[in-house]
Amino acid sequence: MTSHYPASVRRLSALGLCLVIAACGGASGAAGSSAPGVQRDQRVISFDPTPIYRQMGLIARGVPFPVVGRVAYVPAASPDTTHVALVVGFSPNALRFNRETDNRFRANYSVGITVERDGQLAFTTETTETVVVGSFRETERGDESVVFQEIFDLRPGEYRLTLVLRDVSSQRGVTEQLTLQVPDFQQRALSTPVPVNKVIARETRDSLPFILARPRAMASLGQDSVLPLYLESLSPGDTLLELVARTEGGRVMWTELAGLRPHEGIATGVIQVPVTRLGIGVSQLSFIGSGGRDTASTFVYVGFGDDLPIARFEDMLQFLRYFARPARLQALREAPEEQRPAAWLAFMRETDSIPTTPVHEDLRAYFGRLLRANARFREDGVAGWMSDRGKVFIVLGEPDQIFEPTVTDFGRARQQLWEYRDRALQLQFFDQTGAGRWRLTQTSDARFEVELRRQLR
């Protein structure tokens, strides 16, 4: 059964607001995990954040139509009914935009939601939404700034939800299925903690809170000071909850009291979680009612900064192997989890060649080269950025000229010569088998190592 509240409250489809906010986040859905990055001959480190999102309990799909989302549960007016809030976000570049006469760009996408229980239909809706942006550059955005949100009502129990999201023009899209465990708020008091971009807390149980949720619960060090979470309790006298922050491994980092405002039959509040007190990467935030009789939790992610990969701490240090000296990376690696945010911010300050600007131009350029290397120089079983040609490209950039001699000193092996004129440097690669596995010659590898050490100094 669907909610009887106005569509403007029930459903939100927003691009412009999220483009301004620039951060959208998430927590309930598929489960998953991903092992830490290992060495090149064992596993290729992935730039895909989907495993991290799934570990956080989010709805998450990768290319060709990346989607991230969450489900949250809030008590409804009727004691035997629960509000279910579904929010999904995806990037504008997943849609096919058409230019309009006023130089705006328009795209349409469809959303279908079906919820079943024991083979019986419990809820269904299908809608087509429009996204309009003012420049071509906005159509190419790769962040989850297109947000769709639907709130509907279900009785407590287990359900199967099917979400179908499609671009109308190209018919490219994604179908995701997940199990809903709808809680009974006659048996519990705390709602799901919801990371929000905007919220108007309700004061009675008969109304709906106005929530613009974050599909992914993410904040960035250096950009965000707090991560807001919306929470409700059906025990209006229970206005002080214990907030427990844990690391990805489950170790308690800190605890403090979080306050809600009491109203008629309900207490509500927005908890401002300080970003610098969370570890970098995934953390779990749990809220415990008085006497420990009720607990609600969510996972959040603290990132390294804008334009930097969404990654685990150890994987990020792997990515930086060509950017910073081993001793500097080892100091980061040895920092206790609760001290990693401060250690990372210090690292950013120390390595920023233009500290007067808000952007770390050196890291942005470095990861730009790293991503291009990953796309251009991928080899069988080896990520492009970890190949010999990839690492040279990351450290030295685009060569002034590439030669491919027809006659080689390696029998039938192919050769490439990369020339860097300003360094008076020529590096030689060879493909011994012809299968596209390019390696530096021993002499060229030694010359590259000299250039790498000079660069890191």
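Which element gives the largest share of the lining of the second largest pocket? That share, three residues, comes from H7. The notes below go through two sheets and two pockets of this predicted model.

1. **The antiparallel sheet.** Five strands make up an open sheet here, and their pairing is antiparallel. Read across, the order is E12-E11-E14-E18-E17. Strand E12 (210–213) and strand E17 (261–263) are the edge strands. Each of these pairs on one side only. From one strand to the next, the twist averages 40°.

2. **E11 beside E12.** Start at the E12 edge of this sheet. Strand E11 covers residues 194–200. Four bridges pair E11 with E12 in the antiparallel sense. To find the register, look at lysine 198. Its bridge partner in E12 is leucine 212.

3. **The mixed sheet.** Another open sheet of five strands has the order E13-E20-E19-E15-E16. Its pairing is mixed. As a general point, strands of a sheet pair through backbone hydrogen bonds, either parallel or antiparallel. The edges are strand E13 (218–220) and strand E16 (252–259), and each pairs on one side only. The twist in this sheet averages 25° from one strand to the next.

4. **The parallel pair.** E13 and strand E20 run parallel. E20 spans residues 295–303, and three bridges join it to E13. Serine 220 is a good place to look: glycine 303 in E20 stands opposite.

5. **E15 and its two neighbours.** Strand E15 (residues 240–246) runs antiparallel to E16, with seven bridges between them. Arginine 246 has valine 252 in E16 as its bridge partner. E15 also runs antiparallel to strand E19 (residues 281–288), joined by five bridges. On that side, valine 244 stands opposite serine 286 in E19.

6. **The hairpin turn.** E15 and E16 form a hairpin with five residues between the strands. Within this hairpin, check glycine 250. Glycine 250 takes a positive phi near 100°.

7. **The largest pocket.** What is the volume of the largest pocket? It is about 1,500 Å³. The lining holds 40 residues. Nearest the centre lie Gly142, Asp143, Arg216, Asp307 and Ile310. Four elements give two or more residues each to this lining: helix H3 (50–55), strand E3 (67–75), helix H4 (136–139) and E13.

8. **E13 again, and the lining by class.** E13 gives the most to the lining of the largest pocket, with three residues. This strand is also an edge of the mixed sheet, so named in point 3. By class, the lining of the largest pocket has 19 nonpolar residues, 13 charged and eight polar.

9. **The second largest pocket.** Its volume is about 420 Å³. Of the 19 lining residues, Gln223, Met348, Pro358, Val359 and His360 are the closest to the centre. Helix H7 (340–351) and helix H8 (361–376) are the elements that give two or more residues to this lining. H7 supplies the largest share, as the opening reply says. By class, nine lining residues are nonpolar, five are polar and five are charged.

Key
Residues are numbered from 1 along each chain as its sequence is written. This is a predicted model: local features need pLDDT of at least 70, side-chain atom pairs count only at pLDDT 80 or more; totals for chains, interfaces and linings use all residues. Side-chain values use heavy atoms; hydrogens and water are left out. Two strands pair if DSSP finds at least two bridges between them. Axes are lines fitted to C-alpha atoms, for helices over the stretch in contact, and angles run from 0 to 180 degrees between N-to-C directions. On a 1 Å grid over the protein atoms alone, a cavity is a set of points where a 1.4 Å probe fits but cannot get out, and a pocket is an open set with protein on both sides within 12 Å along at least five of seven lines; lining residues have an atom within 4 Å of a point. Grid points are joined across faces, edges and corners, and a volume is the space filled by probe spheres set on the points. Ala, Val, Leu, Ile, Met, Phe, Trp, Tyr, Cys and Pro count as nonpolar, Asp, Glu, Lys and Arg as charged, and the others, Gly among them, as polar.
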